[in-house]
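Here's a quick walk through a single-chain model, written for someone who likes to check the numbers against the coordinates. Have the viewer open as you read.

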Amino acid sequence: MKEQLRDALKHHAQAVTIVTAHGADGPVGTTISSFSSVSFEPPLVVVWIGEGASVWPVLRTAPLFAVHLLDTAQTGLADLFARKGADRFGAGTRWRPDDDGVPWLLDAPVRLRCRTSRRIAVGDHVALIGEPLDITHAEIAAPLVRHQGRYTSVA
């Protein structure tokens with residue numbers, strides 16, 4: 001059933017995002033495609049993180065995190081943050097920490113800095129619900145999405 005579900009969900013286009021946070025050993029981040037708004041009143045968003053993800057030990061207790069939406073020119077950045085063992089915050093990544101240490105990816109056209117509201121375990125994933133505290137955005141002419149197991153755009 002797991003493979004059937006994966007195959008079926010390839011037909012569902014999803015925005016490609018990167019989630020970042022600050023841990024005791026420095027910045028962490030990963031590429032995800034499970035992000036959405038939860039509520040406008042109060043403002044809440046959700047990202048789904050696998051409990052086996054390398055970022056989960058930090059996100060399990062992080063009071064703050066950031067979500068970055070990407071455009072089609074950023075497939076390399078999405079791949080870098082998806083790759084296990086990669087130097088995600090190395091010389092090739094333009095980023096800076098905010099005043100609380102949360103990494104901001106400077107080239108992401110949309111960034112949401114969130115306070116962790118709650119974590120809800122569901123199966124092998126956790127819904128990380130955040131309250132946006134700061135939002136920066138530019139126009140995205142061609143948002144990066146995943147569909148049929150590959151990057152594409154809705155533009």
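In which loop does Gln148 lie? Gln148 is found in the loop between strand 11 and strand 12 (150-153). Before going further, keep in mind that this is a predicted model.

**Backbone oddities**

Back to Gln148: its phi is near 60°, a positive value in a residue other than glycine. Most residues other than glycine have a negative phi, and most peptide bonds are trans. As for solvent, Gln148 is partly exposed, because its relative accessible area is 32%.

The other backbone feature to look up is a cis peptide bond, which joins Glu41 and Pro42, with omega at about 0°. Pro42 belongs to the loop between strand 4 (35-40) and strand 5. Its relative accessible area is 45%, so Pro42 also counts as partly exposed. If you want a ruler check, go from Pro42 to Ala142: they are 100 residues apart along the chain, and their C-alpha atoms are separated by 29 Å.

**Overall build**

The chain contains three helices and twelve strands. How does its radius of gyration fit with a compact globule? For 155 residues, such a globule would come out near 15 Å, and the chain has 15 Å, so the two agree. Along the principal axes, the C-alpha trace spans about 40 × 35 × 35 Å. Of the 155 residues, 42% count as buried.

**The largest pocket**

Rolling a probe the size of a water molecule over the atoms shows where empty space is left. Here, the largest pocket has a volume of about 1400 Å³. It is lined by 30 residues, and the closest to its centre are Arg6, Thr31, Ser33, Ser34 and His125. Two or more lining residues come from each of helix 1 (2-9), strand 3 (26-32), strand 5 (43-50) and strand 11 (144-147). Which element gives the most to that lining? That would be helix 1, with four residues. By residue class, the lining of the largest pocket divides into nine nonpolar, 14 polar and seven charged.

**Rings and a charge**

A pair of aromatic rings is described by the distance of the centres and the angle of the planes. Searching the whole structure turns up two aromatic pairs, and here they are:

| Ring pair | Centre distance | Plane angle | Geometry |
|---|---|---|---|
| Phe81 and Phe89 | 5.2 Å | 85° | edge-to-face |
| Phe89 and Trp95 | 5.0 Å | 70° | edge-to-face |

Why do the rings of Phe89 and Trp95 count as edge-to-face? Their planes stand at 70°, and the label applies to angles over 60 degrees, so the pair qualifies. Phe89 appears in each of the two rows, and Phe81, Phe89 and Trp95 form one aromatic cluster.

How do the cluster members stand with respect to solvent? Phe81 and Phe89 are both buried. For Phe89 the relative accessibility is 14%, and buried means under 20%, so the call follows directly. Trp95 has a relative accessible area of 25%, so it is partly exposed.

Finally, there's a charge over a ring: the charged end of Arg146 sits over the ring of Tyr151, 5.0 Å from its centre. For orientation, strand 11 covers 144-147 and strand 12 covers 150-153, with Gln148 in the loop between them.

Definitions and conventions:
Residues numbered from 1 in each chain as written. Predicted model: local features only at pLDDT ≥ 70, side-chain atom pairs only at ≥ 80, totals over all residues. Heavy atoms only, no water. 1 Å grid on protein atoms, 1.4 Å probe; cavity = no way out; pocket = protein on both sides within 12 Å on 5 of 7 lines; lining within 4 Å. Points joined across faces, edges and corners; volume = space filled by probe spheres on them. Nonpolar A, V, L, I, M, F, W, Y, C, P; charged D, E, K, R; others polar. Phe/Tyr/Trp six-rings, centres within 6.5 Å; stacked < 30°, edge-to-face > 60°. Buried < 20%, exposed > 50% of the residue type's maximum accessible area, 1.4 Å probe, protein only. Lys NZ or Arg CZ within 6 Å of the ring centre and 35° of its normal. Rg over C-alpha atoms; globule rule 2.2 N^0.38 Å.
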